[in-house]
Every structure is written in structure tokens, then in C-alpha cells.
Amino acid sequence: MRGELFFASSNDLVYQFDYVGDPANIVIDLSDSHIWDASTVAALDAITTKYASKGKKVDIIGLNAASEARHGRLSGLGGEQT
């Protein structure tokens, strides 16, 4: 993904993935993105949860320091992502 991720851009994020058709291991690379708010963290949590319900694992990589701190602080997943 690329760009700034905040409430307006993350509203439809959950619907951009093929939860059934995607492989067992999913990597979401946020190297070219920045997480600005809790809405985006909630969207990423929802994506991870939807994949988990299908028996799939998600790794979130490439977070810059500020985004990683925000994600770790606000995530309901206990900072399990990398």
C-alpha cells in the first residue's frame, strides 16, 4: 500500500482484499505509507481478524517508527504484527 492512511482513506480498506482467494500467508507492506489515526489501526486489525478466521496469517511490515508506535499502542492485537 502507498500513501497516507487515515479515516477517509481507510474506510474501504477492509474490502480491498480477497480473504478466501489469497494465499495462507499474507504480507501487507506499509513501507510507502503512514498510519495517522485509530481508524486505520482498526481497519488493519479487521483485515488481520478476517484472514485469521480463514486460517490465514498476516504480517504487516515496513511501518515507519511513528506508525509502528501508533499501531502498537492502538491495536487490539497486542502488537503481534511486525
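## A walk from helix 3 to the aromatic cluster

Start by selecting Ser 67: leaving out residues up to four places away in sequence, Ser 67 touches Ser 33, His 34 and Ile 35, where contact means heavy atoms within 4.5 Å. Ser 67 lies in helix 3; here helices (H or I, at least four residues) and strands (E, at least two) are DSSP runs, numbered from the N terminus. With 1% relative accessibility, Ser 67 counts as buried. The burial classes are these: buried is under 20% relative accessible area, exposed is over 50%, and partly exposed is in between (1.4 Å probe, protein chains only).

Before you go on, a word about the model. It is a predicted model, in which local features need pLDDT of at least 70 and side-chain atom pairs count only at pLDDT 80 or more, while totals for chains, interfaces and linings use all residues. Residues are numbered from 1 along each chain as its sequence is written, and side-chain values use heavy atoms, with hydrogens and water left out.

Now colour by confidence. pLDDT is the predictor's confidence in each residue, from 0 to 100. The chain has a mean pLDDT of 88, and 93% of its residues reach 70 or more. Confidence is highest in strand 2, at a mean of 96, and lowest in helix 1, at 82.

**Strands 2 and 4**

Select strand 2 next, and show its side chains. Which of them point to the buried face? Ile 26 and Ile 28 do, while Asn 25, Val 27 and Asp 29 point to the other face and are not buried. Add strand 4 (residues 57-61): strand 2 pairs with strand 4 in the parallel sense over 5 bridges, and two strands count as paired if DSSP finds at least two bridges between them. Strand 4 alternates as well, with Val 58 and Ile 60 buried on one face and Lys 57, Asp 59 and Ile 61 pointing to the other, not buried. Across the pairing, Ile 28 stands opposite Ile 60.

Zoom in on Ile 26, which is buried at 8% relative accessibility. Apart from neighbours within four places in sequence, Ile 26 is in contact with Tyr 51, Lys 56, Lys 57, Val 58 and Asp 59. Try a C-alpha to C-alpha distance here: Ile 26 and Lys 57 are 6.1 Å apart in space and 31 residues apart in sequence.

Then step to Val 27, which is exposed with a relative accessible area of 54%. Not counting residues up to four places away in sequence, Val 27 touches Asp 59 and Ile 61. Its C-alpha atom is separated by 5.9 Å from that of Ile 60, 33 residues away along the chain.

**Helix 2**

Move to helix 2, which has 16 residues and reaches 22 Å from its first C-alpha to its last, close to the 22 Å expected at 1.5 Å a residue; the expected span is 1.5 Å times one less than the number of residues. Select its buried residues: Thr 40, Val 41, Ala 43, Leu 44, Asp 45, Ile 47, Thr 48 and Tyr 51. What covers them includes strand 1 (2-5), helix 1, strand 2, strand 3 (32-35), strand 4 and helix 3 (65-74).

For a contrast, click Ala 42, also in helix 2: at 43% relative accessibility, Ala 42 counts as partly exposed. Ala 42 and Gly 76 are 7.9 Å apart in space, C-alpha to C-alpha, with their places 34 residues apart in sequence. Just after helix 2, look for Gly 55, which takes a positive phi of about 75°.

**The aromatic cluster**

Finish with the rings. A pair of aromatic rings is described by the distance of the centres and the angle of the planes. Rings of Phe, Tyr and Trp (its six-membered ring) pair if their centres lie within 6.5 Å; planes under 30 degrees apart count as stacked, over 60 as edge-to-face and the rest as tilted. How many aromatic pairs does a search of the whole structure find? The search finds 4. Why is the pair of Phe 17 and Tyr 19 called tilted? Their ring centres are 6.2 Å apart and their planes are at 45°, so the pair is tilted.

Now select Phe 17 and Tyr 51: the centres are 6.1 Å apart and the planes at 80°, so this pair is edge-to-face. This pair links distant parts of the chain, 34 residues apart: Phe 17 is in the loop between helix 1 (7-10) and strand 2 (25-29), and Tyr 51 is in helix 2 (residues 38-53). Together, ring pairs link Phe 17, Tyr 19 and Tyr 51 into a cluster. Tyr 51 is buried, with a relative accessible area of 0%, and Tyr 19 is buried at 12%.

Last stop: show Lys 50, whose charged end sits over the ring of Tyr 19, 5.4 Å from its centre. The criterion is NZ of Lys or CZ of Arg within 6 Å of the ring centre and within 35 degrees of the ring normal.
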